[in-house]
Amino acid sequence: MDVLIKGGRVLDPGQDIDRTADVAFADGKVLHIDDNIVPDNAKTLIDATGKIVTPGLIDLHTHVYWGGTSIGIEADDIARRAGTTTFVDAGTAGPANFLGFRRHVIEHSRAKILAFLNISFAGIYAFSAKVMVGECDDIRLCDPAEVVRVARDHLDLAVGVKVRVGKIASGADAAPYGLARIAADELSLPVMTHLDLPPPTHADVVPTMKRGDILTHCFRPFPNAPIISERQIKTEVLAARQRGVIFDIGHGMGSFSYKTAEAMMNEGFMPDVISSDVHSLCVHGPAYDLLTTLSKFVCLGLPIADVIRAATVAPAAAINHPELGTLTPGTVGDASILACSEGRFDYVDSEGQSMTGHQKLTCDGVVIDGIWWPNDD
Ligand SMILES: [Zn+2]
């Protein structure tokens, strides 16, 4: 046994486990979960009494091409405070610079990194406080054949195709979505679609999204919110859920609104996946990281088991990596040890709206491939 976590509340929604138990890891994998595992030969013994032990959290929407792009942050800098063992990069790199992402960042990262490949050749190459040029602003940059070629060279890392359309990202052109669709269909991988300011609107892209595709920023503010009014969700959004389109939060700098979230949740429309869209312009607020985004949903009233599901088994399924996001024996040995504190905590959304919550999730440390990595902050 390499690591033994004792006495925690094991919360693994993918296996319907929510009980006090011990979790053992060996050879980089989950060994077993049991009521009382004798710690005889454990190299690292962790007392998790009063803590929550989850599968390693997966952040489905991040930007971690650090140094290669102005939007990128370093995954390992925030992995432990965020409880995140897998960062899924949402199209920071395109076909032109994916090899550098792999060689210079992913291969050196302790936290796992998987990636959606951007339909735009250079990825998100000009996203900063000073310079903001949409990577889909010039349609010549969007070449599906190049995306297919590079994705096929990196199928161990590539999980789908990312496209950003909207006034900011594509100069109001919806055509890049159609090109991403062509590449993704050729690869049999999902498209992750971002909508910013209109045009285009949901009606321009959502009706052709397929089962397994991901609509990120799904609770974004007006304009281009998924609702028409407080009581009325857009019909194309409801139809997409029926078809099996995956709705992902992608908090970010400008893409998550309490007003939208409350209206959607009041109508019974919960997100499938909760992700942070953490990048260089929101890592110091309002998004901060995955765990802060999850805490907001706990405070919005989503049961904690549902919150953890949306950051474990749900994103694992969305990227077709069932060996992640679970503590099933024999799967990848990743786990997060969380604490849930009670008190008064202020949380701000992307519109600057404040909410006082009574719970806050923090992380004591993570296990990655069966090795304990404590949070020393
Ligand atoms: Zn993003």
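## Helix α3: two faces

A residue counts as exposed here if 12 or fewer other C-beta atoms lie within 10 Å of its own, and as buried if there are 20 or more. Keep that in mind for helix α3, and keep in mind too that this is a predicted model.

By that yardstick, α3, which runs over residues 144–153, has Pro144, Val147, Val150 and Ala151 as buried residues. Look down the axis of α3 and those buried residues fall within an arc of 135°, so they line one face of the helix. Swing round to the face turned away from that buried side and you meet Ala145, Arg149 and Arg152, which are exposed.

## What sits over the buried side

So much for the helix itself; now its neighbours. The cover over the buried residues of α3 includes two helices, α2 (98–105) and α5 (175–187). Strands β8 (112–118) and β9 (158–165) are also among the elements covering them.

## Two domains and where they touch

Zooming out, the protein chain splits into domain 1, made of 3–54 + 329–374, and domain 2, spanning 56–318. Their C-alpha centres are 25 Å apart. Domain 1 puts 28 residues into the contact, and domain 2 puts in 32.

On the side of domain 1 that touches domain 2, the elements giving two or more residues are β15 (335–348) and β16 (354–368). Strand β16 supplies the largest share of that side, with twelve residues. As for chemistry, the side of domain 1 that touches domain 2 has 13 nonpolar, ten polar and five charged residues.

Notes. Residues are numbered from 1 along each chain as its sequence is written. This is a predicted model: local features need pLDDT of at least 70, side-chain atom pairs count only at pLDDT 80 or more; totals for chains, interfaces and linings use all residues. Helices (H or I, at least four residues) and strands (E, at least two) are DSSP runs, numbered from the N terminus. The arc is that of the directions from the helix axis to the C-beta atoms. Two residues are in contact if their C-beta atoms, placed from the backbone, lie within 7 Å. Domain bounds come from an automatic or database domain assignment. Ala, Val, Leu, Ile, Met, Phe, Trp, Tyr, Cys and Pro count as nonpolar, Asp, Glu, Lys and Arg as charged, and the others, Gly among them, as polar.
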